[in-house]
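Me: Pick one part of this structure and take me through it closely. Keep the sentences short, and tie the details together.

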Amino acid sequence: MTSQLAPTVRRALAALLALGATVLAAVSLAVLTAAPAAAEVPTGWSDPDPVDPVFVLLVAVGLPLLGALVITAMVYGPPLARGERVAPGAPEVENQWLGGPRKATGELAGPDGEDSQAGGASGRW
C-alpha cells in the first residue's frame, strides 16, 4: 500500500512545487517590469514635503499593533482578572447564573400551592 502511495505523493509535491515556482516567477516579473508613474504634478496642486520613513512605520505598523494589543487585552483581561485559565485545552468554566442562586436549574424550588410565585412564569392556560 505504501509503495503505491509514495509515487502519488511525489507527483503531488512536484505539481505543488511547479505551481509555486510559476507563481513566484509571475510575481517577480510583475515587480521587475513595474515602472513608476511618469506624470508630473498638475498645475494648481501642491507639492507636499516628503514623509519621514519613521513616521510611515509608526503609522503603518505601530497603530495596527497597538490596536491588536488593545483588542487582546479586552478579550483576555476579564477572564484573567477573574482568575480563569485561558490556555488552549483548559477545562471549561462551570455554567454560571450571574446574580442568581448557586444551584443547578433542576434544584430550584417548585410551586408550593396555588398562590405560590416559585417555579417559573406562572402561566395559566
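**The end of helix α2 and its surroundings**

Reply: Start with E84. Its relative accessibility is 22%, so E84 counts as partly exposed. That value falls just inside the class because buried means under 20%. This is a predicted model, so read every value here as computed from it.

E84 has a partner. It forms a salt bridge with R82. The closest N and O atoms of the two are 3.0 Å apart. The cut-off for such a pair is 4 Å, so 3.0 Å qualifies. Side chains of opposite charge can pair when their charged atoms come close. R82 has a relative accessibility of 56%, so R82 counts as exposed. How many salt bridges does a search of the whole structure find? One.

Now the helix itself. α2 covers residues 53–81. G83 follows α2, with a positive phi near 85 degrees. α2 has 29 residues and reaches 39 Å from first C-alpha to last. That is close to the 42 Å expected at 1.5 Å a residue. Where does α2 bend? At G62, by about 30 degrees. A proline, P64, follows within four residues.

α2 also holds L69. L69 is exposed because its relative accessible area is 58%, and the class begins over 50%. L69 belongs to a nonpolar surface patch. Its other members include V51, F55, V56, L58, V59 and M74. L63, L66 and V70 are in the patch too. Together the patch residues have about 980 Å² of accessible area.

Finally, the setting. The protein chain has two helices and zero strands. Buried residues make up 2% of its 125 residues. The accessible surface of the chain comes to about 11700 Å². Carbon and sulfur atoms account for 66% of that surface.

Conventions: Residues are numbered from 1 along each chain as its sequence is written. This is a predicted model: local features need pLDDT of at least 70, side-chain atom pairs count only at pLDDT 80 or more; totals for chains, interfaces and linings use all residues. Side-chain values use heavy atoms; hydrogens and water are left out. Patches are made of residues with over 30% relative accessible area and no salt bridge: like charges are joined within 9 Å, nonpolar side chains (Val, Leu, Ile, Met, Phe, Trp, Tyr) within 5 Å. Accessible areas come from the Shrake-Rupley method with a 1.4 Å probe; for residues, only the protein chains shown count as cover. A salt bridge is a side-chain nitrogen of Lys or Arg within 4 Å of a carboxyl oxygen of Asp or Glu. Buried means under 20% relative accessible area, exposed over 50%, partly exposed in between (1.4 Å probe, protein chains only). The expected span of a helix is 1.5 Å times one less than its number of residues. The bend at a residue is the angle between axes fitted to the seven residues ending there and the seven starting there.
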